[in-house]
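Please look through the sequence and the structure shown here before reading the briefing that follows. The points are grouped by topic, moving from the whole chain to one helix and then to single residues.

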Amino acid sequence: MAKWRPVAPPGPKEGELATQGDPFEGASRQARDRETYERVLRAFCGRDVRRRGHVEFIYAALRKMEEFGVERELCVYNRVLDVFPKGVFIPRNSIQRMFNHFPRQQECAVQVLEQMENY
């Protein structure tokens with residue numbers, strides 16, 4: 001008789017990247033308003049001290065702003081900028097100051113400012 005083997009849960013295979021779902025999808029099933037949008041932002045900030053994946057989360061937050069109707073509110077943009085970890089992206093020596101040492105994070109912050117300027 002064959003031995004029983006547990007079935008592995010579906011997920012990434014060895015060598016593949018694990019992706020997280022869009023946190024705004026679950027919130028979009030609820031009311032689409034400012035309170036729900038800020039609740040998702042607070043949940044992300046409270047999840048991890050290092051806030052891994054913050055650049056991707058901020059891009060997702062920018063895409064969902066119109067859907068939640070918060071694209072014209074300054075306090076929401078400030079809350080989105082608060083998603084960046086504090087004190088991590090400060091240049092520590094002269095070489096880091098001269099060059100674009102954190103390009104992805106700087107481009108993401110500029111994208112937030114550009115979207116704020118457009119609305």
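Helices and strands are here runs assigned by DSSP, where a helix needs at least four residues and a strand at least two, and they are numbered from the N terminus. In this predicted model, the protein has six helices and zero strands, so that along the sequence the pattern reads α-α-α-α-α-α.

**The protein as a whole**

- Of the 119 residues in the protein, 29% are buried, and the protein exposes about 9000 Å², of which carbon and sulfur atoms supply 53%.
- When contacts between residues at least 6 apart in sequence are considered, 70% of them join residues at least 24 apart.

**The largest nonpolar core**

- The largest nonpolar core holds 21 residues, and the members that touch the most other members are Phe24, Tyr37, Leu41, Phe57, Ile58, Met65 and Val80.
- Two or more residues of this core come from each of α2 (34–47), α3 (54–68), α4 (74–81) and α6 (103–118), and the largest share, eight residues, is given by α3.
- Phe24, when its neighbours within four places in sequence are left aside, is in contact with Tyr37, Val40, Leu41, Phe57, Ala60, Ala61, Lys64 and Phe68.

**Helix α3**

- The 15 residues of α3 should span 21 Å at 1.5 Å a residue, and because the end C-alpha atoms are 20 Å apart, the expected and modelled spans agree.
- Helix α3 nevertheless bends by about 30° at Leu62, and Leu62 is itself one of the buried residues of this helix.
- The buried residues in α3 are His54, Val55, Phe57, Ile58, Ala60, Ala61, Leu62, Lys64, Met65 and Phe68.
- Just after α3 comes Gly69, which takes a positive phi of about 75°.

**Glu67 and its partner**

- Is Glu67, which is found in helix α3, buried, exposed or partly exposed? Glu67 has a relative accessibility of 31%, and because partly exposed covers the range between under 20% (buried) and over 50% (exposed), Glu67 counts as partly exposed.
- Although Glu67 and Arg32 are 35 residues apart in sequence, their C-alpha atoms are 7.2 Å apart in space.
- The side chains of Glu67 and Arg32 make a polar contact with each other, at 3.2 Å.

Terms used: Residues numbered from 1 in each chain as written. Predicted model: local features only at pLDDT ≥ 70, side-chain atom pairs only at ≥ 80, totals over all residues. Heavy atoms only, no water. Core = buried A, V, L, I, M, F, W, Y, C linked by side-chain atoms within 4.5 Å. Buried < 20%, exposed > 50% of the residue type's maximum accessible area, 1.4 Å probe, protein only. Contact = heavy atoms within 4.5 Å. Polar contact = N/O pair within 3.5 Å; in protein donor to acceptor, adjacent residues only side chain to side chain. Expected span 1.5 Å × (residues − 1). Bend = angle between axes of the 7 residues up to and from the residue. Areas by Shrake-Rupley, 256 points an atom, 1.4 Å probe, with all protein chains shown as cover.
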